[in-house]
Amino acid sequence: SVIGSIERSGNDYVSTAIDSTTGAGGGGDIPFEETLGSMAKTLGTALGVDRATLDAHIELGKPVTAALA
């Protein structure tokens, strides 16, 4: 699946905010600054790591549940 989207920022492109429920980009609840943490939490969740452990070790972001379906 495709998660998120990009937008032009000056001469470059940046990730838009991601909706953690649908995976859609542009106005979601995961801001650009938290996308790396969200990727790690999504991968950890897919691998069976419990949420409390992920939250204890990764401060930013949340799992993108649409990517887990």
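Among contacts between residues at least 6 apart in sequence, 28% join residues at least 24 apart in the chain. This proportion refers to a predicted model of a chain that contains 2 helices and 2 strands. Read from the N terminus, the elements follow the order β-β-α-α.

The overall dimensions were examined next. The radius of gyration of the chain is 12 Å, which agrees with the value near 11 Å that a compact globule of 69 residues would have. The C-alpha trace spans about 40 × 25 × 15 Å along its principal axes. Of the 69 residues in the chain, 23% are buried. The accessible surface amounts to about 4,500 Å², and carbon and sulfur atoms account for 56% of this area. Among the charged side chains, 4 are positive and 9 are negative, with the centres of the two sets lying 2 Å apart.

Several of the residues examined in detail belong to the loop between β2 and α1. Strand β2 covers residues 12–15 and helix α1 residues 35–46, and S20 is found in the loop between them. T16 is found in the loop between β2 and α1, and T22 lies in the loop between β2 and α1 as well.

T16 has a relative accessibility of 7% and therefore counts as buried. Leaving aside neighbours within four places in sequence, T16 is in contact with S5, I6 and E7, and also with G25 and G26. Polar interactions accompany both groups of contacts. The side chains of T16 and S5 are joined by a polar contact of 2.8 Å. A polar atom of the T16 side chain also lies 2.9 Å from the backbone nitrogen of G26.

S20 has a relative accessible area of 8% and is buried, because the limit for burial is set at under 20%. Once neighbours within four places in sequence are set aside, the contacts of S20 comprise D29 and I30 together with K62, P63, V64, T65 and A66. A66 is also the partner in a C-alpha pair with T22: these two residues are 44 residues apart along the chain, yet their C-alpha atoms are separated by 5.1 Å. The side chain of T22 places a polar atom 3.1 Å from the backbone nitrogen of A24.

Helix α1 was considered through two of its residues, G37 and T42. G37 lies in helix α1 and is buried, with a relative accessible area of 13%. Apart from neighbours within four places in sequence, G37 is in contact with I58, L60 and G61. For the pair formed by G37 and I58, a separation of 21 residues in sequence corresponds to a C-alpha to C-alpha distance of 6.3 Å.

T42 is likewise found in helix α1. With a relative accessibility of 11%, T42 counts as buried. Neighbours within four places in sequence being excluded, T42 is in contact with K62, P63, V64, A67 and L68. The C-alpha atoms of T42 and K62 are 7.2 Å apart in space, while the two residues are 20 residues apart in sequence. Within the helix, a polar atom of the T42 side chain lies 2.7 Å from the backbone oxygen of S38. K62, P63 and V64 are listed among the contacts of T42, and these residues are also among the contacts of S20.

Helix α2 comprises residues 51–57 and includes D55. In relation to the cut-offs for burial and exposure, under 20% and over 50% respectively, the relative accessibility of 36% means that D55 counts as partly exposed. D55 and K41 are 14 residues apart in sequence, and their C-alpha atoms lie 8.0 Å apart in space.

Methods:
Residues numbered from 1 in each chain as written. Predicted model: local features only at pLDDT ≥ 70, side-chain atom pairs only at ≥ 80, totals over all residues. Heavy atoms only, no water. Helix = DSSP H or I, 4+ residues; strand = E, 2+ residues; numbered from the N terminus. Rg over C-alpha atoms; globule rule 2.2 N^0.38 Å. Buried < 20%, exposed > 50% of the residue type's maximum accessible area, 1.4 Å probe, protein only. Contact = heavy atoms within 4.5 Å. Areas by Shrake-Rupley, 256 points an atom, 1.4 Å probe, with all protein chains shown as cover. Lys, Arg positive; Asp, Glu negative; His and termini not counted. Charge placed at Lys NZ, Arg CZ, Asp CG, Glu CD. Polar contact = N/O pair within 3.5 Å; in protein donor to acceptor, adjacent residues only side chain to side chain.
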